[in-house]
Amino acid sequence: MYVIEQRDEQLVNSKAGITYELGFDRAPQHLVSVRMRVDNVAAPELAFVMPSWSPGSYKIRDYAGWQGNVRCYSVNAAGRTELSYRWRDKASLVVSTQGVATVEVEYLIYAHERTVRTSHVNRFHAFLMLTSVCMYVEGRTQETHHVLLKHDQLKWPSTSTALSPVSAPTSRGILLGALNYDILADSPIEIGDHRVRTFTAAGALHEVAVATNYDVDIDWLADRVKRIVEVETELFGGAPYDRYVFIIQAYPGAGGGLEHARSSVNAVDPSALLDKTKAIGLLSLLCHEYFHLWNVKRIRPVELGPFDYTRETYTPMLWLAEGLTSYYDNLFAYRCGFATEKEYVDSISRDDIARLAQVQGRFAMSTRDSSYLAWLKLYLQSPDGSNRFPSYYLKGGIIIMLLDIYIIDHTDGKYSMDDALRMMWKRYQDDPSRGMTEDECIAIIEQATRVQVRERLMSWLDGKDELPYDEILKAVGYRVSAAPKKAAAGTFGEAVPSASVPEAPFIGWSLADVGGKVVVRAVDDGSPAQLAGIGIDDELVAIEGIRILNPAQADHVLGGRVGKAVQLTGHCDGRIYTTTIEARERMMPGLVEIDAPSERQRQMRSRWLQRRL
Ligand SMILES: [Zn+2]
């Protein structure tokens, strides 16, 4: 049985046979000490396993690599006696219990990787992603687990997590609980001196926890988060939880988010919070991760829960999990009123259609295969990845947008993807233990909207051709047109690296300044850079005899010579070479309004872009 629902009241004064005591005496060295106590032991052997990955982030991270100083003990009235153990594989150890009822395992975790899916501990705070801290006991994952946080509560007064309080904090620590290991693994913890705001919406308590060294307007932010909750819960008819925690981390260079059933972790560069006119990226990220509490955590592909934490889980359906969520994140930001209609349509042009047009890999792999191979493609991307596959976030999101417009068009505005989502939600509520197959998902879309979409949708998801933009967008009075334009990179969604978008002119490379050298980081298939024989990691030395000192200068020099063959001097593997290159004008496709849209086209557009609240 797969259970991810938990209400705080269920854990009050609960008992647990498995308890983790987490100590932070060595936080300055980025170490967490773990003492894991297992009671009610009956078997002669007990297997302890450290997960290799975190659900929602499809990469093998081998968290056991950060673990050390493991010791095992038997515990009884006479005290603690050390037990021997053996490693069964890279992440699991087996203890001979020697007939005792209580076994303890102690170890250290080195926690110094700052992402939303790894743990990060220092003298000022602890962010714990429990998949990277807590081993599970084979065969006992379905029972209640407790976590005792033993930090200095004066120094670190705030604790933000979806784990439920078991009892009032004492000088011994803060005791939290989860109904099973899956819930524990899905409940990260932020501890420190961060600020917290709470509000009630949709009948549930919400916490906004902002961990940053910067002077952020947390009240402004909490107001917007409340708006997001109101707009998204309205779609689904309420909040399926008693309490939800938004953990927001702002530190230089941060990006990305991770969804959980009753919380989300959202990391942004402080610039996104200090200048409110630039906050749309963060607000969209918050819309995205919060929406996942429905789509992915509950409405989900059949492969995504219950999880095997030791190995990869394969699904072709990340077009639903992430593509649909990517479409809805900006749409919700627009419905919340954070963007005007023009800003929203511009973002589709710039961050979706123009970005996908840069990705030659859209002709090399289908969206479904890109999903299936996410472990090795999106999450372990080769430097030429942009030529090899399209992101299921990016192309998946565009496909869902086209599907939404197709449905609106074919029902005269009566139905949309909102209706499909509501029916998927009902299907989940009818049987939360089981995810959806792709067949079932498409059947629900058809049933909810009364439109036959299977053949068309599957051809988009399995196809490697250009999507039929104009045929579909015509219904809402738009077409895609390429115009000479400067590009800008978008950072919506989880900001997993995808295509790089260089500035005009079009050369088809991505350049970086590496210690004063201009180095090629990516080369697009079929581009002027590829035709000139330039490779990844080549150094750009000179153009037409002019020494190139930074990437902007290269663009500038070539921008003045569009359509002309120019001499380029490069460096590869210790040798200098020369070649000729011919820059092209950069054509950026985007949405443009068709001439004189009809009344129906205007109506369908209004329907597509209608705000519900
Ligand atoms: Zn996502």
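Biologist: What makes strand 6 and strand 11 the edge strands of the open sheet of four strands?

Modeller: The strands of this sheet are arranged in the order 6-7-3-11, with antiparallel pairing. Strand 6 (85–89) and strand 11 (136–137) each pair on one side only, and that makes them the edge strands. Strands here are DSSP runs of E with at least two residues, while helices are runs of H or I with at least four, both numbered from the N terminus. This is a predicted model, in which local features need pLDDT of at least 70 and side-chain atom pairs count only at pLDDT 80 or more, whereas totals for chains, interfaces and linings use all residues. Residues are numbered from 1 along each chain as its sequence is written.

Biologist: Why are strand 3 and strand 11 said to pair?

Modeller: Two strands pair if DSSP finds at least two bridges between them. Strand 3 (residues 45–49) and strand 11 run antiparallel and are joined by two bridges, so the pairing criterion is satisfied. Phe 48 has Val 137 of strand 11 as its bridge partner.

Biologist: How many bridges join strand 23 to strand 24?

Modeller: Six bridges join strand 23 (residues 509–514) to strand 24 (residues 517–523), and the two run antiparallel. Val 514 stands opposite Lys 517 of strand 24. Two residues lie between the strands of this hairpin, where Gly 515 has a positive phi near 55°.

Biologist: Why is helix 8 described as largely enclosed?

Modeller: A residue is buried if 20 or more other C-beta atoms, placed from the backbone, lie within 10 Å of its own; it is exposed if there are 12 or fewer, and partly exposed in between. Of the 17 residues of helix 8, 16 are buried, so the rest of the structure largely encloses this helix.

Biologist: How do you know that the length of helix 8 agrees with expectation?

Modeller: The expected span is 1.5 Å times one less than the number of residues. For the 17 residues of helix 8 (residues 394–410) this gives 24 Å, and the end C-alpha atoms are 24 Å apart, so the two agree. Asp 412, which follows helix 8, has a positive phi near 50°.

Biologist: What span does helix 2 reach, and which of its residues are buried?

Modeller: Helix 2 (residues 218–236) has 19 residues and reaches 27 Å from its first C-alpha to its last, close to the 27 Å expected. Its buried residues include Leu 221, Arg 224, Ile 228 and Phe 236. Just after helix 2, Gly 237 takes a positive phi of about 75°.
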